[in-house]
Amino acid sequence: PDSEPASVQLLSALTERLITEKRMQYRSQAGIHIEANLSAASTPSPEESAHALASLEGNAGAASYGLFAKIQPTELKRVLSNLVNNSVEALGGKGSVIVTLDSEGDHVLIKVEDDGRGMSPEVLAKIGQKGETFGKAQGSGLGLYHARKALESWGGSLEIESALNKGTVAIVKLPMSAAPHWFASRLILGPNSPVAILDDDASIHQVWQGRFDSLKVQDSGIEIFHFSTPQDFRRWVQGDKKRSETALYLSDYELLGYKETGLDLAEELKTGPRTILVTSRYEEQEVLKRCLKIGARMIPKGLSAFAPIVIHAGLKTPDAILIDDDPLMRLTWTMSAKRAGKTVSAFSGVADFLGQSASFDLQTPVYIDRDLGDGIKGDEEAQEIYERGFKKIYLATGYEMENVPAPWIKQVVGKESPWAEETPA
């Protein structure tokens, strides 16, 4: 509806729900097959990790799993539902409808394809215009017309390709949005870094174990630990400090028979920045707020099988991370580090850094400029960095400040690099 605000939505989750509903709607028609073509990104070997980490930044390379767009979800679902209905009608009681989610450049593509009767070039040229319809006794032509108008209002488009007796493909094209902070766009595993899975559903444990087995994670010294109760989970986290302090946690939200949730445990045991909540309740505002508060991220439970997994040789450990919108300042720090025999990873903005933050050791000091341009304040943006697990955050500013402006800032320092006074002997 027009009153529904546009918001950034995970399209794979929306598409999955639509397919489930459509299968139920047409379950009495045995000759009709409705399929979803949602694919996982290929998982690279440790040797390919550097390229993999680069290619998986943001949404790129995440196949259908991590594709977001700013749309009105109810309206998009209605558009796709009508396209599926059109395809089913074109089948005449027998055939397939395949819904594919993919990306092309900076756009998301949703294709609804059927092997029905198709349309001639003459009909195809008119379809989608107001009042034009094809093959429907009671059709008004408004469905495709309204679909096109809705998509255009979000910066998207609708294209129809068809050939007589070969079928039709409706292609929805939408501008891609960056993944929100709560979304785990990939799982990054280092050598000898354990994975702890907390879930009361044995089938979820099997899904994860199957994925890790297929990657032969044991060859990289990665151990997988399974827990189904809060007591067993808590006992392991508190009793095996060596493993638990470096583990990646894949945790369910609701645990059958227990009042405690996976979020409660992450908060209590202070595992937030290394916790990924695997839950179907990822859209609930209260769950989202709590995740952001403790630095946890989320994966929709139905998409566990599609989340890209990257195994790499080790976390990046530069001597410092600099976030500054001034290219001259980034160059100055880089040259200063080189002269002192040090290394620095420099970023122009917080979003750029957050996109790669999982590949850095959490002990790396982060220096952030106070004024990042366009009214963006470094001391405010640093909270998100802190919630990701980085505790050594310094505000690098030329302004005189009497007090540290926020509890997540360790210290206020100047604009000079930490090695400005250092010169090799």
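Okay, so a cavity here is a set of grid points where a 1.4 Å probe fits but cannot get out. Keep that in mind, and remember that this is a predicted model. With that cut-off on volume, how many cavities of 30 Å³ or more does the structure hold? Just one. The largest cavity comes out at about 40 Å³.

Who lines it? His-181, Cys-291, Leu-292, Gly-295, Ala-296, Arg-297, Glu-384, Glu-387 and Arg-388. Helices H10 and H13 are the elements that give two or more residues to that lining.

Let me stay on H13 for a minute. That's the helix covering residues 378-387, and its buried residues are Gly-378, Asp-379, Ala-382, Glu-384, Ile-385 and Glu-387. So two glutamates from the cavity lining, Glu-384 and Glu-387, turn up on the buried list of H13 as well. What do the buried residues of H13 pack against? Two helices, H10 (285-294) and H12 (350-356), plus strands E15, E17 (366-369) and E18 (393-396). After the helix comes Gly-389, and its phi is positive, near 115°.

Now, the open space. The largest pocket has a volume of about 1100 Å³. It has 42 lining residues, and the closest to the pocket centre are Ile-188, Arg-297, Gln-356, Ser-357 and Ala-358. You'll recognise Arg-297 from the cavity, where it is one of the lining residues. As for elements, strand E8 (187-189) and H12 are the ones that give two or more residues to the pocket lining. H12 has the largest share, five residues. And H12, again, is one of the elements the buried side of H13 packs against.

Let me step back to the whole chain. We have 13 helices and 19 strands. Of the 425 residues, 48% are buried. Counting contacts with a separation of 6 or more, 69% are between residues 24 or more positions apart. On the outside, the chain exposes about 20600 Å², with carbon and sulfur atoms supplying 49% of that.

On to the inside. In soluble globular proteins, nonpolar side chains tend to be buried together. In this model, the largest nonpolar core has 74 residues, and the members touching the most others are Leu-187, Phe-212 and Leu-250. Which helix gives the most to this core? Helix H3, residues 73-91, with seven residues.

Take Leu-187 as an example. Leaving aside residues up to four places away in sequence, Leu-187 touches Trp-208, Phe-212, Leu-248, Leu-250, Ile-276, Ile-299, Ala-307, Pro-308, Ile-309 and Val-310. Both of the other top members, Phe-212 and Leu-250, are in that list. Apart from this core lies another one, of 18 residues, including Ala-382, Phe-390, Leu-395 and Ala-406. Ala-382 is one of the buried residues of H13 that I went through earlier.

Last topic, charges. The structure holds 18 salt bridges, and I'll pick three. First up, Asp-199 with Lys-301, at 3.0 Å from N to O. These two are 102 residues apart: Asp-199 sits in the loop between strand E9 (195-198) and helix H6 (202-214), and Lys-301 in the loop between strand E13 (297-300) and strand E14 (309-311). Asp-199 is buried, at a relative accessible area of 3%. There's a network here too, with Asp-199, Asp-252 and Lys-301 linked by salt bridges.

Next, Glu-268 and Arg-234, at 2.8 Å. Glu-268 is in helix H9 (residues 262-268) and Arg-234 in helix H7 (residues 230-239), so this pair ties together parts 34 residues apart in sequence. Why does Arg-234 count as buried? Because its relative accessibility is 18%, and the cut-off for buried is under 20%. Glu-268, at 39%, is partly exposed.

And finally Asp-324 with Lys-415, where the closest N and O atoms are 2.7 Å apart. Asp-324 is in the loop between strand E15 (320-323) and helix H11 (327-339), while Lys-415 is in the segment after strand E19 (411-413), so parts 91 residues apart in sequence are tied together. Buried or partly exposed, what do we have at each end? Asp-324 is buried, at 2%, and Lys-415 is partly exposed, at 24%.

That's my tour, thanks.

Key:
Residues are numbered from 1 along each chain as its sequence is written. This is a predicted model: local features need pLDDT of at least 70, side-chain atom pairs count only at pLDDT 80 or more; totals for chains, interfaces and linings use all residues. Side-chain values use heavy atoms; hydrogens and water are left out. A nonpolar core is a set of buried Ala, Val, Leu, Ile, Met, Phe, Trp, Tyr and Cys residues joined through side-chain atoms within 4.5 Å. Buried means under 20% relative accessible area, exposed over 50%, partly exposed in between (1.4 Å probe, protein chains only). Helices (H or I, at least four residues) and strands (E, at least two) are DSSP runs, numbered from the N terminus. Contact means heavy atoms within 4.5 Å. A salt bridge is a side-chain nitrogen of Lys or Arg within 4 Å of a carboxyl oxygen of Asp or Glu. Accessible areas come from the Shrake-Rupley method with a 1.4 Å probe; for residues, only the protein chains shown count as cover. On a 1 Å grid over the protein atoms alone, a cavity is a set of points where a 1.4 Å probe fits but cannot get out, and a pocket is an open set with protein on both sides within 12 Å along at least five of seven lines; lining residues have an atom within 4 Å of a point. Grid points are joined across faces, edges and corners, and a volume is the space filled by probe spheres set on the points.
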